[in-house]
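Okay, thanks for squeezing me in. Have the sequence and the structure open while I talk, and we'll walk through how the helices pack.

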Amino acid sequence: MYHINSCDFIAGWISGVCGLAVGHPADTVKIRHQTFRDSGTLKIAYQTLKYEGVRGFYRGLGFPLLTAGALNSIFFGVYGNCLSHIQQSRGYENTRRTSSEGGARNKHWHLDVWLAGSVAGFVQLSLACPVDLVKIKLQTQTGKTWGSDPELGYRGPLECLSSTYRDYGIRGLYRGLPVMMWR
């Protein structure tokens, strides 16, 4: 009988939150550098700190923080369970690759890992694409110029989501999906 391993989901959730908390400031600088092409990376970081304080580096973090755990949880959970299901369908009791690791040798191990990863990535994108779109829209809101009161287009992630959906429909929420699939 096939059962779902919750450990993969929990590990994915924890790793997603930790990775986001550490990497978001650098991601904010990267996104702004890509958006405001006339400024260098150090200038972007300096202006963010000068005009917005440390909090500016974390602009747009709320929505991804709520969903990062879910995104990684979805990926690791689907991956682990899909790999286990593939292995069981091939007649293997565990997902070990070689007989020296304690299980029967599976000559299709690399293909199985690739298939499970592809399925998990595809499933994860259904949530990741709208989350990434909202994150980027919120990260690039600095007002017309730094130092002035920012004219924020969105007050938060839900307003950003609903406005994007209202203006562009479901296709608007998945803008950039083909590129995300390739990365």
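One cut-off before anything else: when I say buried, I'm talking about a relative accessible area under 20%. And keep in mind that this is a predicted model.

So take Gln124. Its relative accessible area is 17%, which is under 20%, and therefore Gln124 counts as buried. You'll find Gln124 in helix 4, the stretch from 109 to 139. What does Gln124 contact, once you set aside neighbours within four places in sequence? The answer is Leu71, Asn72, Ile74 and Phe75.

Now compare that with a residue in helix 1, which covers residues 6-35: that's where Thr28 sits. Thr28 has a relative accessible area of 1%, so by that cut-off Thr28 is buried too. Again leaving out neighbours within four places in sequence, Thr28 is in contact with Gly56, Phe57, Arg59 and Gln139.

Okay, zooming out to the chain. We've got six helices and zero strands, so to speak an α-α-α-α-α-α run from the N terminus on. There are 183 residues in the chain, and 36% of them count as buried. If you look at contacts with a separation of 6 or more, 68% of those are between residues 24 or more positions apart.

Next, helix packing. In general, you describe two packed helices by the angle between their axes and the distance between the axes.

Let's do helix 3 and helix 4. Their axes are 8 Å apart, and the packing angle is about 160°. Over 145 degrees counts as roughly antiparallel, so that's what we call helix 3 and helix 4. Their crossing is right-handed. As for what the contact of helix 3 with helix 4 is made of, the residues split into 22 nonpolar, six polar and two charged.

And how does helix 4 sit against helix 5, residues 157-173? Here the axes come within 10 Å and cross at roughly 125°. That makes helix 4 and helix 5 oblique to each other, because 125° falls in none of the parallel, antiparallel or perpendicular ranges. Helix 4 passes helix 5 in a right-handed crossing. On the helix 4 side, the residues that meet helix 5 are Cys129, Pro130, Leu133, Val134, Lys137 and Leu138. Facing them from helix 5 are Pro157, Cys160, Leu161, Thr164, Gly172 and Leu173. Sort the residues of that contact and you get nine nonpolar, two polar and one charged.

Last topic, the nonpolar cores. Which residues make up the largest one? It has eleven: Phe63, Leu71, Leu125, Ala128, Cys129, Val131, Val134, Leu138, Tyr154, Cys160 and Met180. Helix 3, which is 62-89, and helix 4 each supply at least two residues of this core. Helix 4 gives the most, with six residues.

Pick out Cys129 from that list. Beyond its neighbours within four places in sequence, Cys129 is in contact with Leu173, Tyr174, Arg175, Gly176, Leu177 and Met180. There's also a second, separate core of five residues, and among them are Cys82, Ile86, Trp109 and Ala116.

If you take one thing back to the bench, take helix 4: Gln124 is in it, helix 4 packs with helix 3, and helix 4 gives the most to the largest nonpolar core. That's me done, thanks.

Key:
Residues numbered from 1 in each chain as written. Predicted model: local features only at pLDDT ≥ 70, side-chain atom pairs only at ≥ 80, totals over all residues. Heavy atoms only, no water. Helix = DSSP H or I, 4+ residues; strand = E, 2+ residues; numbered from the N terminus. Buried < 20%, exposed > 50% of the residue type's maximum accessible area, 1.4 Å probe, protein only. Contact = heavy atoms within 4.5 Å. Axes fitted to C-alpha atoms, helices over the stretch in contact; angles between N-to-C directions. Parallel < 35°, antiparallel > 145°, perpendicular 65-115°, else oblique. Left-handed = near helix turned anticlockwise from the far one by under 90°. Nonpolar A, V, L, I, M, F, W, Y, C, P; charged D, E, K, R; others polar. Core = buried A, V, L, I, M, F, W, Y, C linked by side-chain atoms within 4.5 Å.
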